[in-house]
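Subject: Structure handover

Hi there,

Here is the structure I promised to send over. Please have it open while you read my notes below.

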Amino acid sequence: MTIPALAGARMLHTMIRVYDLDKSIDFYTRLLGMKLLRRKDYPDGKFTLAFVGYGEEADHTVIELTHNWEHEPYELGTGFGHVALGLPDIYAACEQLAAAGAKITRAPGPMKHGTTHIAFVEDPDGYKIELIQKATL
C-alpha cells in the first residue's frame with residue numbers, strides 16, 4: 001500500500017547528536033570535505049543545529065548535527081536521532097499514515113522553537129522519521 005501524500009517525498013537529512021559541535025563540524029568539513037551549510041542557536045531550547053553536506057539542501061541530502069548545550073557525552077546507541085522527509089503536506093500524510101496503522105509520535109505543527117512545521121512517525125523498530133512541511137523549510 002502506498003500513502004498518496006508521500007508521493008514526491010525526498011530524503012532531506014539525517015540528524016545525529018554531537019557532544020562537541022566545533023569538533024564535529026571540523027570533522028565533517030575539514031576531514032570529509034563537506035560544507036557547513038547553516039548553523040543556528042536556539043537559546044530558549046538550549047541547543048544548536050548545524051547542517052553539513054556536499055551540496056545545497058535544496059538538491060542534496062545532508063547531515064544535521066544537533067548539539068544540546070547541557071548534555072553529557074552520548075553513548076553510541078543514543079547518538080542517532082531521526083531520518084527526515086520533506087513533504088508538500090505533512091498534515092494529510094499524518095492522517096493517511098495513521099489511518100494505515102502507523103504510530104504518529106508527534107502531531108503535525110510548528111517547531112517549539114521555530115516556525116518550521118514538523119511531525120514524527122515511528123517505524124516498527126521505534127526509529128523516528130521526521131516529516132517536514134516543504135513550504136516552511
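What follows is a short tour, from the overall fold down to one strand.

First, a caution: this is a predicted model. The chain has 2 helices and 8 strands, and their order along the sequence is β-α-β-β-β-β-α-β-β-β. For 137 residues, a compact globule would have a radius of gyration near 14 Å, so the 15 Å of this chain agrees with that. Its C-alpha atoms fill a box of roughly 45 × 30 × 30 Å along the principal axes. Of the contacts with a separation of 6 or more, 52% link residues 24 or more positions apart.

On the surface side, the chain exposes about 8100 Å², with 55% of that supplied by carbon and sulfur atoms. There are 14 positive and 18 negative side chains, and the centres of the two sets lie 2 Å apart. Buried residues make up 35% of the chain.

Now for the strand I would look at with you: β3, residues 47-53, where 7 of 7 residues are buried. F47, L49, F51 and G53 point one way, while T48, A50 and V52 point the other way. Both of these groups are buried.

What does β3 pair with? On one hand there is β2 (residues 35-42), antiparallel to β3 over 7 bridges, with D41 partnered by T48. The hairpin of β2 and β3 has 4 residues between the strands, and K46 takes a positive phi near 55 degrees there. β3 also runs antiparallel to β4 (residues 62-68), joined by 6 bridges, and F51 stands opposite E64 in β4.

Happy to talk it through whenever suits you.

Best wishes

Conventions. Residues are numbered from 1 along each chain as its sequence is written. This is a predicted model: local features need pLDDT of at least 70, side-chain atom pairs count only at pLDDT 80 or more; totals for chains, interfaces and linings use all residues. Side-chain values use heavy atoms; hydrogens and water are left out. The radius of gyration is taken over C-alpha atoms; the globule rule is 2.2 Å times the number of residues to the power 0.38. Buried means under 20% relative accessible area, exposed over 50%, partly exposed in between (1.4 Å probe, protein chains only). Contact means heavy atoms within 4.5 Å. Accessible areas come from the Shrake-Rupley method with a 1.4 Å probe; for residues, only the protein chains shown count as cover. Lys and Arg count as positive and Asp and Glu as negative; His and the chain ends are not counted. The place of a charge is taken as NZ of Lys, CZ of Arg, CG of Asp or CD of Glu. Two strands pair if DSSP finds at least two bridges between them.
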